[in-house]
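Trainee: Please guide me through the enclosed spaces inside this protein and the residues around them. I should like a close look at that part, with the neighbouring details joined into one account.

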Amino acid sequence: MEDFSTARSFFMSTEATDTTGKTFAPIEWLPQGKVRFLDQTLLPNEERWVETDDHQVIAEAIRRLQVRGAPLIGIAGAYGLALAARAGDDIATAAADLRSTRPTAANLSWALDRCLRAVDALAEAHSVRERLTAEAIAIHEEDIAANYRIGKHGAPLLGNAPVVLTHCNAGALATGGYGTALGVIRSADKAGRVKHVYVDETRPLLQGSRLTAWELERDGIVCTVIVDSAAGSYMRRGGIDAVITGADRITANGDVANKIGTYSLAVLAGENNIPFYVAAPTSTLDLSLASGDDIPIEQRSPEEITSVGSRAVAPAAVEAENPAFDVTPNDYVTAIITENGVARPPYTASLREVCGSEVPVRG
Ligand code: MRU
């Protein structure tokens, strides 16, 4: 069993804005040129850290969801590229390996492209491995700082003593630390304002019950896990003040790709006049895509549905389909909370505004 003391001290210096929120880092660069990450497939039963100097181990960890969540896989990809450089591996091949692991989250390609551009811009005298290490650490630190700012912008939207519903895990575990949707909840809680959080269990891999509930319990934020299909009835009974989720990719028109089930939640929130908020850093924005129709949706193994652990929960030969994400059309999205401020409809204008001159570059 590990505690988080090392990880916490790692980013004491990076809490650039709001320094009082509680958090931890699920990944860490070690001074001897290795990466250490928390294996999220084992939570909440076991807190096991994996240490590696091999970018292929990072790629496999992303594929298997040992590290997961859009911003975190971007950070892990960047650290993976730094490991490849230190091992003398071909950088372009390593970037392609890492990029191929998961297709939907914008942050992975964004981070890899940023690292590749940093190498392209190098004067010859500089060492590629040092440059890539510095870039990966910067991406990590900037993500944590962005999450604190998302929390600051988003907390006032929740109002006083809200009962909030969330889906999947958009917490410290899904990011460099602190979280996006959970960052907003953490910031509101710090101001003494969160009454209760309902956590969708999030079938099939249970990121809600295994990860979000684990994070909220550690922070002492009162939460209740419900099955995904209960969310609508809780909303209808008047028990939910706001729904907030993270995002894997947001297109120029404000369509949002996020964990499968998010679309249903957004429609139910709209039907029940409940605000539906999305919290995400600008590195999740893909303004090169006009709409969510163009987002590639990851299809995962049907076995994630037909079995739970080693136990079958469906007939052996039955067909199952397992899209990991869905797309919520922008008209169900009340606001998108970024580190640079809150975007509201029409998103084609407001998302460009929150980016300012810093529109995330793709490719
Ligand atoms: O398949 P996962 O666990 O990587 O899916 C994660 C999500 O859908 C999160 O909501 C999203 O990445 C936002 S994380 C801040």
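Mentor: A residue is called buried when its relative accessible area is under 20%. With that cut-off in hand, consider Cys168 in this predicted model. Cys168 counts as buried because its relative accessible area is 8%. This residue is located in the loop between E4 and H7. Its backbone also deserves attention: phi is positive, about 60°, although Cys168 is not a glycine.

Let us now turn to the enclosed spaces themselves. The model has two cavities of 30 Å³ or more. The largest cavity holds about 190 Å³ of space, and the second largest has a volume of about 50 Å³.

Begin with the largest cavity. Its lining consists of 23 residues. Those nearest its centre are Arg68, Gly69, Ala70, Asn169 and Asp248. Helix H3, which spans 70–86, contributes at least two residues to this lining, and strand E9, which spans 256–259, likewise contributes at least two. Viewed by domain, domain 1 (6–148) and domain 2 (152–355) each provide at least three residues of the lining. Viewed by class, the lining of the largest cavity is made up of 11 nonpolar, eight polar and four charged residues.

The second largest cavity can be described residue by residue. Its lining comprises Thr202, Arg203, Pro204, Leu205, Gln207, Lys259, Ile260, Arg300, Glu304, Asn322, Pro323 and Ala324. By class, these are five nonpolar, three polar and four charged residues. Several of these residues have features of their own, and I suggest following them in order along the chain.

Start with Thr202. It is placed in the loop between E5 and H8. Thr202 has a relative accessible area of 0%, and therefore it is buried. Its phi is near 75°, a positive value in a residue other than glycine. Next come Arg203 and Pro204, which are joined by a cis peptide bond with omega near 0°. Pro204 belongs to the loop that runs between strand E5 (196–200) and helix H8 (207–219). Thus the wall of the second largest cavity includes Thr202, Arg203 and Pro204.

Another cis bond can be examined elsewhere in the chain. Pro345 and Pro346 are joined by a cis peptide bond whose omega is about -5°. Pro346 lies in the loop between strand E16, residues 341–343, and helix H12, residues 347–355.

Return now to the lining of the second largest cavity and take Lys259. The charged end of Lys259 sits over the ring of Phe325, 4.4 Å from the centre of that ring. An arginine is placed over a ring as well: Arg218 lies over the face of Trp214, at 5.0 Å from the ring centre.

Asn322 is also one of the residues that line the second largest cavity. Its C-alpha is 29 Å from that of Ile185, and the two residues are 137 apart in sequence. Ile185 is part of helix H7. Since its relative accessibility is 0%, Ile185 counts as buried.

Rings may also face one another. A pair of aromatic rings is described by the distance of the centres and the angle of the planes. The structure holds five aromatic pairs. One of them is formed by Tyr148 and Tyr178: the centres are 4.0 Å apart, the planes are at 25°, and the pair is stacked. This pair links distant parts of the chain, 30 residues apart, with Tyr148 in helix H6 (residues 128–154) and Tyr178 in the loop between strand E4 (163–166) and helix H7 (181–190). Both Tyr148 and Tyr178 are buried.

Two further buried residues in loops complete the account. Leu158 lies in the loop between H6 and E4. It counts as buried because its relative accessibility is 7%. From Leu158 to His196 the C-alpha separation is 12 Å, and 38 residues separate them in sequence. Glu298, in turn, is in the loop between strand E11 (285–286) and helix H11 (303–306). Glu298 is likewise buried because its relative accessible area is 7%. Its C-alpha is 22 Å from that of Val267, 31 residues away in sequence.

Note on methods:
Residues are numbered from 1 along each chain as its sequence is written. This is a predicted model: local features need pLDDT of at least 70, side-chain atom pairs count only at pLDDT 80 or more; totals for chains, interfaces and linings use all residues. Side-chain values use heavy atoms; hydrogens and water are left out. On a 1 Å grid over the protein atoms alone, a cavity is a set of points where a 1.4 Å probe fits but cannot get out, and a pocket is an open set with protein on both sides within 12 Å along at least five of seven lines; lining residues have an atom within 4 Å of a point. Grid points are joined across faces, edges and corners, and a volume is the space filled by probe spheres set on the points. Helices (H or I, at least four residues) and strands (E, at least two) are DSSP runs, numbered from the N terminus. Ala, Val, Leu, Ile, Met, Phe, Trp, Tyr, Cys and Pro count as nonpolar, Asp, Glu, Lys and Arg as charged, and the others, Gly among them, as polar. Domain bounds come from an automatic or database domain assignment. Rings of Phe, Tyr and Trp (its six-membered ring) pair if their centres lie within 6.5 Å; planes under 30 degrees apart count as stacked, over 60 as edge-to-face and the rest as tilted. Buried means under 20% relative accessible area, exposed over 50%, partly exposed in between (1.4 Å probe, protein chains only). A charge sits over a ring if NZ of Lys or CZ of Arg is within 6 Å of the ring centre and within 35 degrees of the ring normal.
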